[in-house]
Amino acid sequence: MEIKFLLNGKPVTASIEADAVLLDVVREKGCYSVKRGCETANCGLCTVLVDQTPVLSCSTLAARVNGKQVMTLEGMQEEAKAFGTFLANEGAEQCGFCSPGFIMNVLAMEKELVKPTEEEIKEYLAGNLCRCTGYMGQLRAIHKYLNREEK
Ligand code: FES
Ligand code: FES
């Protein structure tokens, strides 16, 4: 079957099998920021935005994005750069493998939640696993990012 969707603002067409998952399709289109981790909807590494909402692309059928808007980190460089600086300043980026999925979720959270509490932040990001950092640096980075002056 053929699907058409907007990938980082550009119209794309893909010829897919009915059971193809979005993770494979966006990587085939060159979006290598979308990482393959657990493939069982547990780690958050494969997070992309579909119509502004974070979804796990490893467990989303590609056919479901037909006619929709898909964003990956490749299409959000400016926003990602701003938060990435806070991550780096807190020493919260070590191997960096989890960063693309994590950043996508933080950017989505920023749009969705107004002045989130610590608990709300933890709940929103509970699906993002990081094998390196212990999460404290990430939390410090999020707090500083959300409370930055220039928004
Ligand atoms: S690869 Fe999708 S959640 Fe782990
Ligand atoms: S920084 Fe290595 S997995 Fe998160």
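Colleague: At what angle do helix α2 and helix α5 pack, and how far apart are their axes?

Modeller: In this predicted model, α2 (residues 77–89) and α5 (residues 136–146) pack at about 125 degrees, and their axes are 8 Å apart. Axes are lines fitted to C-alpha atoms, for helices over the stretch in contact, and angles run from 0 to 180 degrees between N-to-C directions. Helices here are DSSP runs of H or I with at least four residues, strands are E runs of at least two, and both are numbered from the N terminus.

Colleague: Why are α2 and α5 called oblique to each other?

Modeller: Under 35 degrees counts as roughly parallel, over 145 as roughly antiparallel, 65 to 115 as roughly perpendicular, and the rest as oblique. The angle is about 125 degrees, so α2 and α5 are oblique.

Colleague: What makes residues of α2 and α5 "meet"?

Modeller: Contact, meaning heavy atoms within 4.5 Å. Glu79, Ala82, Phe83, Phe86 and Leu87 in α2 meet Gln138, Ala141, Ile142, Lys144 and Tyr145 in α5. Together the residues of this contact come to seven nonpolar, one polar and two charged. For that split, Ala, Val, Leu, Ile, Met, Phe, Trp, Tyr, Cys and Pro count as nonpolar, Asp, Glu, Lys and Arg as charged, and the others, Gly among them, as polar.

Colleague: On to the strands. How do you know that β1 and β2 pair?

Modeller: Pairing needs at least two bridges found by DSSP. Six bridges join β1 (residues 2–7) to β2 (residues 10–15), so these antiparallel strands qualify. In their hairpin, with two residues between the strands, Asn8 takes a positive phi near 50 degrees. Leu7 stands opposite Lys10 in β2, and also opposite Val70 in β5.

Colleague: What sense of pairing do β1 and β5 have?

Modeller: Parallel, over two bridges, with β5 at residues 69–71.

Colleague: What makes β2 and β4 stand at the edges?

Modeller: The five strands form an open, mixed sheet in the order β2-β1-β5-β3-β4. β2 and β4 (53–56) each have a single partner strand, so one side of each lacks a neighbour in the sheet. Neighbouring strands here are turned by 40 degrees against each other on average, direction ignored.

Colleague: Where do the bounds of domain 1 and domain 2 come from?

Modeller: From an automatic or database domain assignment, which gives 1–71 for domain 1 and 75–145 for domain 2. Their C-alpha centres lie 21 Å apart, and 14 residues of domain 1 are in contact with 14 residues of domain 2.

Colleague: How are things numbered and filtered?

Modeller: Residues are numbered from 1 along each chain as its sequence is written, while chains are lettered from A and ligands numbered from 1 in the order in which they are written. Local features need pLDDT of at least 70, side-chain atom pairs count only at pLDDT 80 or more, totals for chains, interfaces and linings use all residues, and side-chain values use heavy atoms, leaving out hydrogens and water.
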